Structures are given as structure tokens and as C-alpha cells.
Amino acid sequence: MRRMRHRIWWTKWNCTWRNRRKQGSRKNCIKKQNKKKNLLPWLLLAPSLLGVGIFTLIPFADVFRRSFQKAVGTGFVGLGNYRTVLDNQAFQLAAGNTGRFLFVCLPLLLGLSLFVALLLERLGRKGNLLKSGFLLPMAVPAASVVLFWQLFFDREGILNHILEIFHIQGPDYMNSSGAFGVLVAVYIWKNLGYDMILWLSGLLGIPESLYEAARIDGAGEVQCFWFITRPLLVQTAFLTGTLSLVNAFKVFREAWMIAGNYPHDSIYMLQNLFNNWFTKLDMQKMTAGAVMLAAVLGIFLILCQKAEERWKQ
Amino acid sequence: MRKKRILIWIFLTAAVLVFLFPVILLGVNSLMGQEELTASYGSILYGNKGNLEWKLFPLYPTLRAYIQLLLDSPDFFVMFWNSVRQVFPILFGQLLFGIPAAWALGRYSFRGRRILVYLYMILMILPFQVTMVSSYSVLSFFNILDTHWAVILPGVFSALPVFLMTKFFQGIPDSLLEAAKVDGAGEIQAFFYVGLPLGLPGIISSLILNFLEYWNAIEPPMTFLKTKSKFPVSLYLSSITLNDVGTSFAASVLIMAPSVFLFAWGQSYLEQGIIASGLKE
């Protein structure tokens, strides 16, 4: 009897103990798996983050630090570099031109591309070939089209040749304030298709039933656009605007190919300025300039985001 | 209504012709001989007095310019090859580092994910001029300025491919991946057998967009390379004078050929890529 009890006790104890251990180990196992799962995305990200850190983040932090220092040695000059840049005449010219360019180009490009997108949407699938035509300039490298721009906008070039038929005397575009117009034209030529695609995808998101209902209520085309399309496209507009801003800085490729390092004053952009500072190895100005440009862009984008959020409410 | 449609057709076709005019002109003029070009553009190129006798179509089409370019100008070949040597490693590296990163950002939820997505977004938006100094300093630190690596490495770690592919990976339905896991696939197998095939459009559109971007690279090689023999073909026409006009049209056409063919082949991927670059978090 006693022995029997002992045996039962022993088996009981053994079972529970075993179970507990098993349970414990299972719990441990789950924990381990969880940890593994949490680690996995970081493992996947690590190489890319390491590269981004080495090639962009750490150097930019260094630039930020150096923008408050003297060129030689480690003397702290506070905002001195920034003041030098802001007082610099070339900087004022370039910043003004860049601002003016953005102010003219962005609304123009957004408006034109929306217009084309609206028309293209009417044509439906049949318009696909036309869509390709508008998008193709995006694929044409600056290096190959520069020859065309030079021939087209020369004093004796193709454009003036065409204008002559209508008895208009065109200017020497690249050596006058007409250069600004050339740059605007190049920018729109290159980016219209890109923006058009974004608008088209936004338009696709508006249900057709809304238009039908409005039409039954007697709304005309203009009313349909104003009361349905316009409010529903605001988000697309913010986004297209942001991407166009990004692309606006790339117009420098064409500008540089056409006009070189020292173009006419009307198209002397921040990009030219940075480039020229760079060739002179003017590190203080460059660092301060880069920080300011990043800050201005960052603030602008944040404001855009805020405006969009407010609009949504 | 029908009348309106026809008007739209006419208007848009005219607009497209204006947009394609530069490409058409370059293509057609590349078939002109030197004499014909001199006659046509003499007034622009050499400052000859007299009117521009401009015409679109060549009277005597010839392939001489191409032959001359391909046989007699080793410069062009070298620069074309440099472009190939710079662009393809960039694309390869972008996939190698970008796909895992994008998979992590697109398919896992973990702490810090949102911040990282924003980080890549901001890096994507910054213009080259902002990061120019910092890239220069780090490249000189590694002592690789004026080598092909100076162009390749910053390109490999650009943010656009990661951002784009993240968007596409996010679009894969969860149920498909879960089904694969129920059938016994591990994380890695689920990625290779479900994620990769379904995310392929994203990978292709990232490749196309980045090819167009880096084939057209002007600023990075201009700032990080010094030796002319290492320049990519995107800087070719800035280095020849307009006196070589006979071959410069042919050169223009050959420079744009890879991009245009890629565009023709993958236009739908390109459009998907553009739309994805705009999708908000």
C-alpha cells in the first residue's frame, strides 16, 4: 500500500514536472521564434541601411557640423558661414532665379498636364498611343536632346526660322532673358508625361457613378469638373506637385548641357552656383548652402503635408 | 459630342507631334550627309551669313555618320562602354541591397518601420546638390574618387528603388503568403516562390526608372570623375564641338537608343512605377 502510494506520487510528480518542463520549453521556443521574427526585418534591412548610413547620413551629419566651422582647423564660427552665403550676390541671384523658376514652372506644368490628362481620359483606351508620345521625352537622355535645343533656340535657329514666316523677329534666346523661357520649355517637355500619368491614375480613382448622378441632376461639364473632379483630385495634386518639385532640380542637366557653367544671368540657378563653388572647393559656402537647401525643401514639404491634412479635415 | 471627340483627337495629335519633334528631327537628320547638314545648319554652326535652309527630310539619306562614328571615333565607344560599366553594376547593387530592404519594409511590421519609410522618402526627394558635398567627402575618404566606383556606390544606395519596391511588395495580398506558409513554406521559400514572382512588376519598374535615371546621369560623373577616359556617354556631346555635327546627330540617336527601346518594351511597367512613386504611405 505504501509502496503503491509512493509509486502513484512518483508518477504524478513525474508527469507534472515533465509537462511543466515541456510547457516551459514550448514557451521559450515561441519567445525565440518571436525574437527571430523581430530580428529578421532588421537583418534584411541591415545592408541597405549600412550603405545609406555610410554614403549619405553620416557624411551629411558631418557636413552639418562643418557648416558651423572655419574652413581650416576646427574653429567654431556659429552662423558665420550662413551669413556669408546669404550676403553672397551670386547666391541671391541663384536663389531668386530658382524660386522664380519653381514659381512659374510648377503651376504651369501641373495645369498643362492636368489638361492633357483630362482630354486623354475622354479618348479612353484608344488614346494609349498618344499617351506614349507624351511620355517618351522622359526616356530621352539630356545628352542626346541637347543638340536639338541648341539648333532650335539659336539666334538663326529653327524656331526663329519658323517665326520669320510670320514676320516675327525672335531674340537670341540663350544670350538674353529668353533663356529662362527655354528652360521652362525644356522642363515642361520632359515632365509633362510623368505628371500626366499621375493625374490619370488619380482620375481613375473617381467613380464614374458620381458623374452620372451629377449629369442626371443637370450638371454641365464645367460643373462636373468643379464640383467632382477638382475636390477629389486635391490629394493627387499635392503629390504631383511634390514629385514635380523633385524633378525641377533635375532640369539642371539640360540647362548645363545647353548653357555650360556660366549661363545667362536669368538662368543662373542654385545648381550652377553649387557646381561653381564645388570647382573652387569653397567648402564653407557649400556646406552652409547644402544645409540651407535641405532645410528649405524639408520645411516646404512639411508645410505641404500639413496643408493637405488640414484640407482632408 | 462626336465633333468634340474629333477636335480632341486633332488637338492632342498635334501636341504629341510637337513633343516628338525633337526626337524625330534627331533621327532623320542623323541620316543626312555632312554636306547636306552644312547646307542646312551652316548659319547656326559656322556663323555663315545667309538664311537657314532648313529641311526635315534628307534628300540623300546615308548611314555614313553612323559608320564614321562606329569605326573612326574610339572616344564614343569608350564612353558608351563606361556608361554600361557604371549603370549595370548600379542596377545590380540596387536589387541586391534593395530587394531585402524593401521586403522588410513592405511585409513586416516592427518598431521603427514608419521612421525608416520616411527616411527613405526624404532621401529620395533630396536633390543631388544637397548631398553633393557629403558624397564627395565620403568618396575621398575611401579614396575612390575618379574611379567608376565613385559613381556606382552612391547610386547603389539611392533610396528610390527601396521606396518603389516597398510599395509593390505591400500590394501583395497577405492571404497568398499565408497560404504558402500553411503549405509548409518557410519565410525564405515564401519569399522566393510567392513574393518574388508577384513583386516582379515592381522590380522591373524600378529597374527601368533607374536605368533611365543613371543612363542620363550628368551631375555625379561630372563631380566625382576627373579623367575624361572614365566619363560616361551622357557627357559625350558636351565634350565635342559643334563642328563634328556630322556625327553628333548619329551620336545623339545612339545615346538615346537603349533608353527608347527600354521605354517601348516596358512602358506599362514604367507607368506603374511612376504611379507607385506617388503612392502615399
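What percentage of the 281 residues in chain B is made up of buried residues? The figure is 44%. Keep it in mind as you browse these close-ups, which all come from a predicted model.

**View 1. Chain B is built from helices.** Count them along the chain and you get 14 helices and 0 strands. Read along the sequence, then, the pattern is just α repeated: α-α-α-α-α-α-α-α-α-α-α-α-α-α. The C-alpha trace of chain B spans about 75 × 65 × 30 Å along its principal axes. Its radius of gyration is 24 Å, while a compact globule of 281 residues would come out near 19 Å. Now look at who touches whom: among contacts in chain B between residues at least 6 apart in sequence, 77% join residues at least 24 apart.

**View 2. Two domains of chain B meet.** Domain 1 of chain B covers 2-62, and domain 2 covers 78-278. Their C-alpha centres lie 34 Å apart. Where they touch, domain 1 of chain B puts in 8 residues and domain 2 of chain B puts in 7 residues. On the domain 1 side, α1 (2-29) and α2 (34-45) of chain B each supply at least two residues. The top contributor there is α2(B), with 4 residues. Sort the residues on that domain 1 side by type and you find 4 nonpolar, 4 polar and no charged.

**View 3. Chain A and chain B come together.** This contact takes 66 residues from chain A and 70 residues from chain B. On the chain A side, the largest share comes from helix α1 (residues 2-66) of chain A, which gives 16 residues. The chain A side divides into 49 nonpolar, 12 polar and 5 charged residues.

**View 4. Val146(A) sits among the best-connected members of the largest nonpolar core.** You'll find Val146(A) in helix α5 (residues 142-152) of chain A. Is it buried or exposed? Val146(A) is buried, because 23 other C-beta atoms lie within 10 Å and 20 or more is enough to count as buried. Leaving out residues up to four places away in sequence, Val146(A) touches Glu254(A), Met257(A), Ile258(A) and, from the other chain, Leu237(B). For a sense of distance, Val146(A) and Gln89(A) are 57 residues apart in sequence and 29 Å apart in space, C-alpha to C-alpha.

**View 5. The largest nonpolar core has members in both chains.** The core holds 145 residues, and those touching the most other members are Ala143(A), Val146(A), Leu183(A), Ala255(A) and Tyr236(B). Helix α7 (residues 178-204) of chain A provides the largest share of this core, 13 residues. Zoom in on Tyr236(B) and, again skipping residues up to four places away in sequence, you can pick out its contacts: Ala143(A), Phe76(B), Met79(B), Ala251(B) and Ile255(B). In soluble globular proteins, nonpolar side chains tend to be buried together.

**View 6. Two loop residues have a positive phi without being glycine.** Leu281(A) has a phi of about 55°, and Asp146(B) has one of about 65°. Leu281(A) lies in the loop between α12 (270-279) and α13 (283-312) of chain A. Leu281(A) is exposed, because just 9 other C-beta atoms lie within 10 Å and 12 or fewer counts as exposed. Asp146(B) belongs to the loop between α6 (128-141) and α7 (148-156) of chain B. With 14 other C-beta atoms within 10 Å, Asp146(B) is partly exposed.

Methods
Residues numbered from 1 in each chain as written. Chains lettered and ligands numbered in written order. Predicted model: local features only at pLDDT ≥ 70, side-chain atom pairs only at ≥ 80, totals over all residues. Domains from an automatic or database assignment. Nonpolar A, V, L, I, M, F, W, Y, C, P; charged D, E, K, R; others polar. Core = buried A, V, L, I, M, F, W, Y, C linked by C-beta atoms within 7 Å. Rg over C-alpha atoms; globule rule 2.2 N^0.38 Å.
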